[in-house]
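Hi,

Here is the structure I promised to pass on to you. Have a look at it first, and then read on.

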Amino acid sequence: MKRKADKPEELIKDIVEWDVKNWWRAIEYWEETKQFDDMKGKKVLDIGGRGGGLSLYWALKGAEVICSDVSGDSFENAKLLHQKYGVENKIKYEVIDATKIPYQNVFDMICFKSVLGGVGYDDNFDRQKQAMESIYAALNENGTLCFCENLIASPVHQFARKKFTGWGSRWRYLTTDEIKELTKEFQTIKFRTFGFWGVFGRTKWLSNVLGTLDGYIDRSIKEENRYIISCVCSKKGQKATCRVEKDRIAGGEEV
């Protein structure tokens, strides 16, 4: 049964799920970079959709979305979320391996959040390359890729992941240079990095406090020490020279 969210904060939490302050700022960067107001009827593929947050985000903008994951185990929870906001008629569910997307030249938009690290389990950069090649092929000629991903970040983050997370030693975290390598087929690439302390918040209250703090101090933290990268990559026809547009506010580079 459809139930209206109590307040915008609830919607944001349902979309983002964890370290809400930092990851929401990363998602908002997509909107800052490129206007997506007119998404009615646009075809969107959400890769690694899990709980369905990004599928919800685009469906609320009018897009026709495929919520996908490498297994269908999370689809029931995703369906409940989508029913809560009354967008279930805009979303379909498919089991899709990001390295073998069974579509070519179809989607106006492909999106994902915190996926490539899992694709690259056990230091497999080649699989991460395969995923990005598969994504590029699945986009139509004017398609856009929007994604947020975990960076290797600071020595503090690297130590904490290995010490306190079960997957930390297997997940393949990326550098900004590797992100540029993975996206080099696109004509235009824009990115910004976010967050340092928010990931260490183990309660909702602490995560919000640390995430809010990050919003004030991001500019004072070196780009390579932040732990989230948000990217918007435009295909726009045939392969062209890679151009990364510098974000002069909070990290980025032009090549």
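Below is what turned up, starting with the whole chain and ending with a cavity.

First, some ground rules. This is a predicted model, where local features need pLDDT of at least 70 and side-chain atom pairs count only at pLDDT 80 or more, while totals for chains, interfaces and linings use all residues. Residues are numbered from 1 along each chain as its sequence is written, and side-chain values use heavy atoms, with hydrogens and water left out.

Now the overall picture. The chain has nine helices and eight strands; these are DSSP runs numbered from the N terminus, with helices being H or I of at least four residues and strands E of at least two. Of its 255 residues, 53% are buried. Buried means under 20% relative accessible area, exposed means over 50%, and partly exposed is in between, using a 1.4 Å probe and protein chains only. About 12,700 Å² of the chain is exposed, and carbon and sulfur atoms supply 51% of that (Shrake-Rupley method, 1.4 Å probe; for residues, only the protein chains shown count as cover). If you take contacts (heavy atoms within 4.5 Å) between residues at least 6 apart in sequence, 75% of them join residues at least 24 apart.

One residue to click on is glutamate 9. It sits in helix α1, which covers residues 8–16, and it is exposed, at 53% relative accessible area. Its C-alpha atom is 9.5 Å from that of valine 20, 11 residues away along the chain.

What about disulfides, meaning pairs of cysteine sulfur atoms within 2.5 Å? There are zero in the structure. Cysteine 231 has its closest cysteine sulfur in cysteine 233, but at 5.3 Å that is too far for a bond. Cysteine 231 is buried, at 0% relative accessible area, and cysteine 233 is buried at 0% too.

Finally, the cavity. On a 1 Å grid over the protein atoms alone, a cavity is a set of points where a 1.4 Å probe fits but cannot get out, and lining residues have an atom within 4 Å of a point. Grid points are joined across faces, edges and corners, and the volume is the space filled by probe spheres set on the points. One cavity of 30 Å³ or more came up, and the largest has a volume of about 70 Å³. Its lining includes Ile15, Asp46, Arg50 and Lys113. The lining residues split into two nonpolar, three polar and four charged (Ala, Val, Leu, Ile, Met, Phe, Trp, Tyr, Cys and Pro count as nonpolar, Asp, Glu, Lys and Arg as charged, and the others, Gly among them, as polar).

Cheers

Technical notes
A disulfide is a pair of cysteine sulfur atoms within 2.5 Å. On a 1 Å grid over the protein atoms alone, a cavity is a set of points where a 1.4 Å probe fits but cannot get out, and a pocket is an open set with protein on both sides within 12 Å along at least five of seven lines; lining residues have an atom within 4 Å of a point.
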